[in-house]
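Welcome! Please take a moment to look over the sequence and turn the model around before reading on.

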Amino acid sequence: SARWRNLYTKAGFSSFMASLLAILCGLVVGFVVLLVADPANAFWGLLAILTGGLSDMKNLGQVLYAATPIILTGLSVGFANKTGLFNIGASGQFIVGAFCGVYTASVWNLPGALGWIVPLLASMIGGALWALLPGLLHAYRRVNIVIATIMMNYIGMYLVNYLIKIAPIYDNVKNQTRPVPAAHRLPTAGLEKIFPDSSANIGIFIVIVVAIIVFILLEKTNFGFELKACGKNRDASIGFGVDAKRMIMTAMLISGALIGL
């Protein structure tokens, strides 16, 4: 019918089917690897992959906890891609944002909710600033965004490795950063009762809110329209009065902030 044909031709449906196909292909390849490694237990291994996160409330809570940074990182890369920028510098922006967050949470003895809100903001600022430099190079000097962001990944990694050891957050005995004080971690908001013995916290709610904000920004505002127009055709958008340089830098700042978060 015409209704089904319209559904098939919609971009959202095509994207959903592409994602679903990618997941299925990944499962098939994984199953083949399991068959090669241990044929007798391959089926049970695949079943554990499919149902492990849903086997009990603790595992489901761990899935939500582990999914939070992955979803935000994917959201940030997708946001940059919507504006025509392939931000492949996620790992560098992530680690710089992580250092800023862990440092402020561990060293700044802030009271109450500020103990975790300020580190989140610091993480966003760190990620945003680390994404800004390649954005500036791309906007003003037409430097390839992929090359610039990849190079910033290594600079960020080695810089953070150095800063951790000179900052008062390093445990020389365990060769790692000290644990963030319990009072400065994300609150659980009662999720510890729903998902007992898991690490679930309000991070998953933050992700949902941020995803909605990003959708509204891109699809329901003039600013979002200009961002996407600049991504589709930079020269044409300039002809229509869009400040392409500002859009590129803004897009990279927002993308980096999301990764830092």
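What percentage of the 261 residues of the protein count as buried? The share is 32%. Keep in mind as we go that this is a predicted model.

Let us begin with the overall layout. The protein has twelve helices and two strands. If you read along the sequence, the elements follow the pattern α-α-α-α-α-α-α-β-β-α-α-α-α-α. Along the principal axes, the C-alpha atoms fill a box of roughly 60 × 55 × 35 Å. Contacts across the sequence are worth a look too: of the contacts with a separation of 6 or more, 66% are between residues 24 or more positions apart.

Now step inside. The largest nonpolar core has 23 residues, and those that touch the most other members are Leu75, Phe79, Leu85, Val210, Val214, Leu227 and Leu258. At least two residues of this core come from each of helix H4 (57-82), helix H6 (114-141), helix H9 (203-220), H10 and H12. Which helix gives the most to this core? That is H12, with seven residues. To see how the core is joined up, you can start from Leu75: setting aside neighbours within four places in sequence, Leu75 is in contact with Val210, Ala211, Val214 and Leu258. There is also a second, separate core of nine residues, and among them are Phe99, Val160, Ile164 and Ile169.

With the cores in mind, we can turn to how helices meet. Two packed helices are described by the angle between their axes and by the distance between those axes. Take helix H10 (residues 222-232) and helix H12 (residues 244-260) as an example: their axes come within 10 Å and cross at roughly 105°. Angles of 65 to 115 degrees count as roughly perpendicular, and therefore H10 and H12 are roughly perpendicular to each other. On the H10 side, the contact is made by Phe223, Glu226, Leu227 and Cys230. H12 contributes Ala244, Arg246, Met247, Ile248, Thr250, Ala251 and Ile254. Sorted by class, the residues of the contact of H10 with H12 are eight nonpolar, one polar and two charged. Leu227 of H10 takes part in this contact, and you have already met Leu227 among the core residues that touch the most other members.

Next, find H6 and helix H7 (residues 145-166). The axes of H6 and H7 come within 9 Å and cross at roughly 150°. Angles over 145 degrees count as roughly antiparallel, so H6 is roughly antiparallel to H7. The crossing in which H6 passes H7 is right-handed. From H6, the contact uses Trp130, Leu133, Pro134, Gly135 and His138. From H7, the contact uses Ile145, Ala148, Thr149, Met152, Ile155, Gly156 and Leu159. By class, the contact of H6 with H7 has eight nonpolar and four polar residues, and no charged ones.

Stay with H6 a little longer and look for Gly127, which is found in this helix. Is Gly127 buried or exposed? Gly127 is buried, because its relative accessible area is 0% and buried means under 20%. Gly127 and Gln93 are 34 residues apart in sequence, and their C-alpha atoms are 4.5 Å apart in space. Not counting neighbours within four places in sequence, the contacts of Gly127 are Gln93, Gly97, Gly256, Ala257 and Gly260.

Another residue to visit is Ser237, in helix H11 (residues 234-239). Ser237 is buried as well, with a relative accessible area of 4%. Leaving out residues up to four places away in sequence, Ser237 touches Ala229, Cys230 and Val242. Cys230 also belongs to the H10 side of the contact with H12.

Finally, let us visit two loops. Arg142 lies in the loop between H6 and H7. Arg142 is not a glycine, yet it has a positive phi of about 60°. Its relative accessibility is 53%, so Arg142 counts as exposed. Where does Asn175 sit? Asn175 is in the loop between strand E1 (170-171) and strand E2 (176-177). Phi of Asn175 is near 55°, again a positive value in a residue other than glycine. Asn175 is exposed, with a relative accessible area of 52%.

Notes
Residues numbered from 1 in each chain as written. Predicted model: local features only at pLDDT ≥ 70, side-chain atom pairs only at ≥ 80, totals over all residues. Heavy atoms only, no water. Axes fitted to C-alpha atoms, helices over the stretch in contact; angles between N-to-C directions. Helix = DSSP H or I, 4+ residues; strand = E, 2+ residues; numbered from the N terminus. Parallel < 35°, antiparallel > 145°, perpendicular 65-115°, else oblique. Contact = heavy atoms within 4.5 Å. Nonpolar A, V, L, I, M, F, W, Y, C, P; charged D, E, K, R; others polar. Core = buried A, V, L, I, M, F, W, Y, C linked by side-chain atoms within 4.5 Å. Buried < 20%, exposed > 50% of the residue type's maximum accessible area, 1.4 Å probe, protein only. Left-handed = near helix turned anticlockwise from the far one by under 90°.
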